[in-house]
Amino acid sequence: MATLASNLTKAAGEHADRPAVRLDDAVLTYAELQVAAQRVSALLGARGIGPGDRVGLVLPNVPQFPVLFYGAVAAGAVVVPMNPLLKAREVKYYLENSGASIVFAWHQMADEASSAAESVGIDCVAVDPETFGDLLGEHEPADDIVDREDDDTVVLLYTSGTTGQPKGAELTHVNLISNAALTAQTLVCLEPDDVVMGCLPLFHCFGLTCGLNASVASGSCLTLIPRFDPKKALEVIGRDHVTVFEGVPTMYSAMLNAPDADSYDVSSLRTCISGGAAMPAEVMKSFEDKFGCIVLEGYGLSETSPVASFNRPEIERKPGSIGPPVRGVEMRVLDDEGNPVDQGDVGEIAIRGECVMKGYWANKEATDDAIPDGWFRTGDMAKTDEDGYFYIVDRKKDLIIRGGYNVYPREVEEALYEHEAVAEAAVVGLAHNDLGEEVGAAVALKPDMTVSEEELRDFAKERLAAYKYPRHVWIVDELPKGPTGKILRREVRAPEEGSKSGSG
């Protein structure tokens with residue numbers, strides 16, 4: 001049976017000398033990527049790590065990510081990708097919960113991961129481009145790919161709900177193989193001559209599937225940007241003749257409004273895809289007019305590998321819509337009792353098909369709650385039109401999407417609750433012109449305790465990744481509650497801008 005690693009073997013066999021991954025002047029051909037991945041597989045084998053074992057990756061968008069990813073997959077391991085901005089306490093939870101056997105961390109960001117690995121008793125390998133090749137050179141390439149079944153887990157992507165700790169979505173080989181294939185074949189129509197912009201984080205499902213795995217599945221080139229910058233993105237589009245750009249709405253807005261945007265050569269752009277949040281119609285129209293390409297919006301979640309619906313290039317595009325379901329996927333809009341609602345009525349999106357995760361790692365209760373009857377409940381509220389196109393109306397869950405990154409209120413609240421003066425906290429999303437949403441926190445203090453809003457913000461900043469901590473904190477006498485005493489986030493209102501704490 002074909003595993004996800006087989007895609008690389010096929011690409012290396014058919015396109016050995018073609019560039020697979022590049023970062024500025026650093027280029028890996030498909031043959032070089034395969035050999036490096038085979039050496040990673042051998043390295044893991046030498047450490048007794050094999051089928052089913054979990055391997056943590058804490059890296060930005062650098063060529064070593066795909067090398068480690070495909071090497072671990074070829075060894076039959078389960079990859080646990082993590083944001084390199086996470087703090088030690090966050091990495092520790094992922095390592096403990098997944099039962100990881102080893103973690104690889106980018107050398108410039110390895111301190112937090114190393115501290116976390118030490119606390120759970122596993123090795124942390126610092127990935128330094130100056131020495132990483134020597135480390136791999138100690139191992140002969142492992143030619144064989146370990147056999148795995150279709151429904152064996154290959155990636156654990158940690159996501160979270162509005163309550164409790166983050167949960168590991170178990171994505172299988174068939175989940176990721178099929179989603180990469182449909183992205184490459186029917187959504188973006190990738191060919192070996194294509195160059196895909198890799199500015200979406202590879203540790204996120206959007207970047208992993210639609211960027212890395214779809215590129216490998218089609219033998220095209222993925223050109224990486226470790227940290228998105230609109231000027232750099234425009235430069236790379238011209239330099240590398242990028243044909244497909246994948247991003248979140250804030251990236252499009254930033255490029256559109258970049259100084260001297262008209263001076264860059266973007267004539268190679270053919271197709272752009274957007275996800276992660278709704279793109280304002282005006283931004284889409286302006287971007288297409290300015291850069292002479294088409295922007296297609298889609299929808300998905302970590303739990304759906306991620307693509308579930310899409311405005312495909314060969315059918316009518318409806319701005320504001322997330323399109324109809326993709327191949328191999330069914331979508332419904334359900335009421336609170338699980339019954340389909342009438343066309344035009346609002347309900348919760350439920351998804352069934354080959355994109356839906358196996359379940360949440362070691363969490364049967366959460367899995368049964370999310371997939372009670374074979375249909376995954378997304379928490380997103382939507383309606384459909386007469387053509388079967390879906391339109392997001394609101395989120396049932398309290399997820400905040402800040403600049404394309406998911407921020408789960410409960411995680412931020414838990415960090416605030418660690419402060420001795422905090423009695424209650426409610427974290428909400430605040431409208432932001434550039435980021436879509438900013439993180440805000442209303443805090444009620446314990447009796448006779450005092451603390452400044454700035455101090456609370458800094459306290460959270462020390463404990464959370466940079467994109468998670470609340471830039472705006474305000475202290476209230478009490479938080480709004482329902483009849484059972486539950487805090488009602490939806491009724492939390494931020495004070496006027498002038499009374500919020502700073503945004504450093």
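A cavity here is a set of grid points where a 1.4 Å probe fits but cannot get out. The model on screen is predicted, and the tour starts inside it.

**Stop 1: the cavity**

Searching the whole structure for cavities of 30 Å³ or more turns up one. The space in this largest cavity comes to about 300 Å³. To find the place, select Tyr 94, Tyr 158, Phe 203, His 204 and Tyr 467, the residues that lie nearest its centre among the 19 that line the cavity. Next, colour strand E7 (153–159) and strand E21 (405–407), the elements that give two or more residues to this lining. Which element gives the most to the lining? E7 does, with three residues. Colour the lining by residue class and the split is eleven nonpolar, six polar and two charged.

**Stop 2: strand E13 and its neighbours**

Select strand E13, residues 294–300. Five of the seven residues in E13 are buried, which leaves the strand mostly covered. Add strand E12 (271–274) to the selection. E12 and E13 run parallel and are joined over four bridges. One contact to display is that of Thr 271 with its bridge partner in E13, Ile 294.

Now show helix H11, residues 281–291, as well: with E12 and E13 it makes a β-α-β unit that is right-handed. To check the hand, turn the view until the strands point away from you; the path from E12 over the helix to E13 should then run clockwise.

Move on to strand E14, residues 307–310. In what sense do E13 and E14 pair, parallel or antiparallel? The pairing is antiparallel, over three bridges. Tyr 299 has Ser 309 in E14 as its bridge partner. The two strands, E13 and E14, form a hairpin with six residues between them.

**Stop 3: the turn of the hairpin**

Zoom in on Ser 305 and Pro 306. Ser 305 sits in the turn and has a positive phi of about 75 degrees. The peptide bond that leads from Ser 305 to Pro 306 is cis, and its omega is near 0 degrees. Pro 306 belongs to the loop between E13 and E14.

**Stop 4: two aspartates with positive phi**

Select Asp 24 in the loop between strand E1 (19–23) and strand E2 (26–29). Asp 24 is not a glycine, yet has a positive phi of about 55 degrees. With a relative accessible area of 27%, Asp 24 is partly exposed.

Then go to Asp 260, which is found in the loop between helix H10 (249–256) and strand E12. The phi of Asp 260 is also positive, near 60 degrees, again in a residue other than glycine. Is Asp 260 buried or exposed? Asp 260 counts as exposed because its relative accessibility is 57%, where the cut-off for exposed is over 50%.

**Stop 5: aromatic pairs**

Show the rings of Phe, Tyr and Trp. Pairs are counted where ring centres lie within 6.5 Å, and the count comes to ten. Start with Phe 65 and Phe 69: their ring centres are 6.3 Å apart and their planes are at 15 degrees, so this pair is stacked. Phe 65 and Phe 69 lie four residues apart in helix H3 (residues 64–74), which means that about one helical turn separates them. Both residues, Phe 65 and Phe 69, are buried.

Go next to Tyr 252 and Phe 287. Here the ring centres are 4.9 Å apart and the planes stand at 80 degrees, so the pair is edge-to-face. Tyr 252 is in helix H10 and Phe 287 is in helix H11, and the pair links distant parts of the chain, 35 residues apart. Tyr 252 and Phe 287 are both buried. Add Phe 245 and Phe 291 to the view: ring pairs link them with Tyr 252 and Phe 287 into a cluster.

**Stop 6: Ala 444**

End at strand E23 (residues 436–445) and select Ala 444 there. Ala 444 is buried because its relative accessible area is 4%, under the 20% cut-off. Select Ala 425 too, and draw a distance between the C-alpha atoms of Ala 444 and Ala 425: the separation is 6.3 Å, with these positions 19 residues apart along the chain counted as the sequence offset.

Notes:
Residues are numbered from 1 along each chain as its sequence is written. This is a predicted model: local features need pLDDT of at least 70, side-chain atom pairs count only at pLDDT 80 or more; totals for chains, interfaces and linings use all residues. Side-chain values use heavy atoms; hydrogens and water are left out. Buried means under 20% relative accessible area, exposed over 50%, partly exposed in between (1.4 Å probe, protein chains only). On a 1 Å grid over the protein atoms alone, a cavity is a set of points where a 1.4 Å probe fits but cannot get out, and a pocket is an open set with protein on both sides within 12 Å along at least five of seven lines; lining residues have an atom within 4 Å of a point. Grid points are joined across faces, edges and corners, and a volume is the space filled by probe spheres set on the points. Ala, Val, Leu, Ile, Met, Phe, Trp, Tyr, Cys and Pro count as nonpolar, Asp, Glu, Lys and Arg as charged, and the others, Gly among them, as polar. Two strands pair if DSSP finds at least two bridges between them. Rings of Phe, Tyr and Trp (its six-membered ring) pair if their centres lie within 6.5 Å; planes under 30 degrees apart count as stacked, over 60 as edge-to-face and the rest as tilted.
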